[in-house]
Amino acid sequence: MVHAKWGRLVRFIAREDGKEHFGEPQDADLDIGDALAQSIPVSVRELSATSALDLDAQPTSRTLTIQSLLPPLSKSEVGTIRCVGLNYRNHAKEMNLALPDHPTLFFKPSTCLNAPNGPLVIPHQATDGQADYEAELAVVIGKTARNVAADEALMYVLGYMCSNDVSARKHQFNGAQWGFGKGFDGFAPMGPCLVSTQRIPDPSVIALKTVLNGEIMQQGRADDMIFSVAEIIAYLSQGTTLEAGTVIMTGTPHGIGVSKNPPVYLKPEDDVRIVMSHGLGSLVNKVEYEEAPRKL
C-alpha cells in the first residue's frame, strides 16, 4: 500500500513569502477551488515535503495562506500523461458507439499540465468553435508498478484529483490518433488538491460533473466506468513500467460539448468547473482565446 501522512495535499504559492509550499487545508471539508474563485482566504498547514511523492512528509506547526494554486505534481513528475478514451457506458451511448473490449489509450505530453484556478488558454489554431471540456478522474501512481494484477492495482495508487481533458475536436477528428487535438499546451488542468487513498479507498463512489457558467453539462459517477480504475492500472502496466508520479486520466461521463444539439464549445470568459465529491472539490478555470500572430 501507498500510505501518505496527509488526507488532501495542495501545492501552492504562499501569500506570506511568495514561495512554493506543500500543505493540507485546515478545513478538511472546504472546496478549495471554489473558495479561491470567490476570493475566500484558504489556510493551509504546511507539510515538510518537497514533492507530493514524498511519503515521509509530516505536518509542521506553520500555517500559511494560499496566494495561488499549482497542480499537485510538477511537469517533470507527471511526465507523459496516460489517458483512457470512451470509458463510461452512458458516454458510449450518447456517441452511439459499442462498448470497447479493451481500454483505448492515448497520451498527453507534460506540457498539457495546467494549474487550477488559472487561465485555460485556447491556442489560436483552435479558436474556431471546437474547444471542448471533459471531466475526468485522474489517478496518481505512488510507487513503481509493472505487470500488476487488477486485485492488487489500487495498492499502487497515491491518490486522486480532478482533471479536464480539454479537446480541440476538429484537430482530434482529423486523424486516427487523438494526441494532437488533445495535446495543446495547458490542455490538462489538474487539481485543486490530491486526495489520498486513505480518504477514498474505493474510487468508484466518486461523483463528477462539469459546470459551465453555472450550468451542469456533465454528471456521472465513477461506477459507470466500463473499465474500473484497478482494471485500467492492470492493463496499462502490462510490460510497461508506471513510475511514481504517473498520472492516468480515466475517461469522461456523458454530456461533452460536441454531443449537444447544438454543440457547445468553450468561449472566451467562460467559467468551466470540474467538480468532484469526496473532497476533490472544484477545478476552476477561466477560458481565454490566444490571438493569432499578425502577418508581417
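Let's start at leucine 280. Which residues does leucine 280 touch, leaving out those up to four places away in sequence? The list is Leu137, Tyr160, Met161, Cys162, Pro192, Cys193, Val195, Ile200 and Ile206. Keep in mind that this is a predicted model.

Now widen the view. Leucine 280 belongs to the largest nonpolar core, which has 44 residues. Within that core, Ile66, Ile233 and Leu280 touch the most other members. Several elements each supply at least two residues. Among them are strand 1 (8–14), helix 1 (32–37), strand 4 (59–70) and strand 17 (271–276). Strand 10 (135–141), strand 11 (157–164) and strand 13 (188–196) are on that list too. Which element gives the largest share? That is helix 5, with five residues.

Where does this core sit relative to the domains? Domain 1 (8–69) and domain 2 (75–289) both contribute residues, so the core lies between them. There is also another core, apart from this one, with 39 residues. Its members include Ala52, Leu73, Ile122 and Tyr133.

Stay with the two domains for a moment. Their C-alpha centres are 24 Å apart. In terms of contacts, 16 residues of domain 1 meet 18 residues of domain 2.

Next, helix 5. Is helix 5 largely enclosed or not, and why? Six of its eight residues are buried, so the rest of the structure largely encloses this helix. The buried ones are Val229, Ala230, Ile232, Ile233, Ala234 and Leu236. Notice Ile233 there. We met Ile233 a minute ago, as one of the core residues that touch the most other members. What do the buried residues of helix 5 pack against? Five strands are named: strand 5 (81–85), strand 6, strand 10, strand 11 and strand 16 (247–249).

On to leucine 70. You will find leucine 70 in strand 4. Leucine 70 counts as buried because its relative accessibility is 18%, and the cut-off for buried is under 20%. Now compare sequence with space. Leucine 70 and alanine 115 are 45 residues apart along the chain, yet their C-alpha atoms are separated by 5.1 Å. Alanine 115 is also among the contacts of leucine 70. The others, beyond four places in sequence, are Arg11, Phe12, Ile13, Glu20 and Pro116.

Cysteines next. How many disulfides does a search of the whole structure find? Zero. Take cysteine 83, which is in no disulfide. The nearest cysteine sulfur belongs to cysteine 112, 7.7 Å away. A disulfide needs the two sulfurs within 2.5 Å, so that distance does not qualify. Cysteine 83 is buried, at 0% relative accessibility. Cysteine 193 is likewise in no disulfide, and the nearest cysteine sulfur, from cysteine 162, is 7.1 Å away. Cysteine 193 is buried as well, with a relative accessible area of 0%. Both cysteine 193 and cysteine 162 were on the contact list of leucine 280.

Now the aromatic rings. A pair of rings is described by the distance of the centres and the angle of the planes. The count here is three aromatic pairs. One of them joins phenylalanine 106 and tryptophan 178. The centres are 5.5 Å apart, with 65° between the planes, and the pair is edge-to-face. This pair links distant parts of the chain, 72 residues apart. Phenylalanine 106 is in strand 6 (residues 104–108), while tryptophan 178 is in the loop between helix 4 (169–173) and strand 13.

Are these two partners buried or partly exposed? Phenylalanine 106 is buried, at 6% relative accessible area. Tryptophan 178 is partly exposed, at 26%.

Phenylalanine 106 has other contacts too. Beyond four places in sequence, they include Ile81, Arg82, Cys83, Val84 and Gly85. Asp165 and Lys182 are also among them. The C-alpha atoms of phenylalanine 106 and glycine 85 are 7.4 Å apart, for residues 21 places apart along the chain.

Another edge-to-face pair is phenylalanine 184 with phenylalanine 187. The centres are 5.5 Å apart, and the planes are at 85°. Both of these phenylalanines are buried. Together with Phe180, they form one aromatic cluster.

Last item: a charge over a ring. Lysine 143 lies over the face of tyrosine 156, at 4.9 Å from the ring centre.

How values were computed. Residues numbered from 1 in each chain as written. Predicted model: local features only at pLDDT ≥ 70, side-chain atom pairs only at ≥ 80, totals over all residues. Heavy atoms only, no water. Buried < 20%, exposed > 50% of the residue type's maximum accessible area, 1.4 Å probe, protein only. Core = buried A, V, L, I, M, F, W, Y, C linked by side-chain atoms within 4.5 Å. Helix = DSSP H or I, 4+ residues; strand = E, 2+ residues; numbered from the N terminus. Domains from an automatic or database assignment. Contact = heavy atoms within 4.5 Å. Phe/Tyr/Trp six-rings, centres within 6.5 Å; stacked < 30°, edge-to-face > 60°. Lys NZ or Arg CZ within 6 Å of the ring centre and 35° of its normal.
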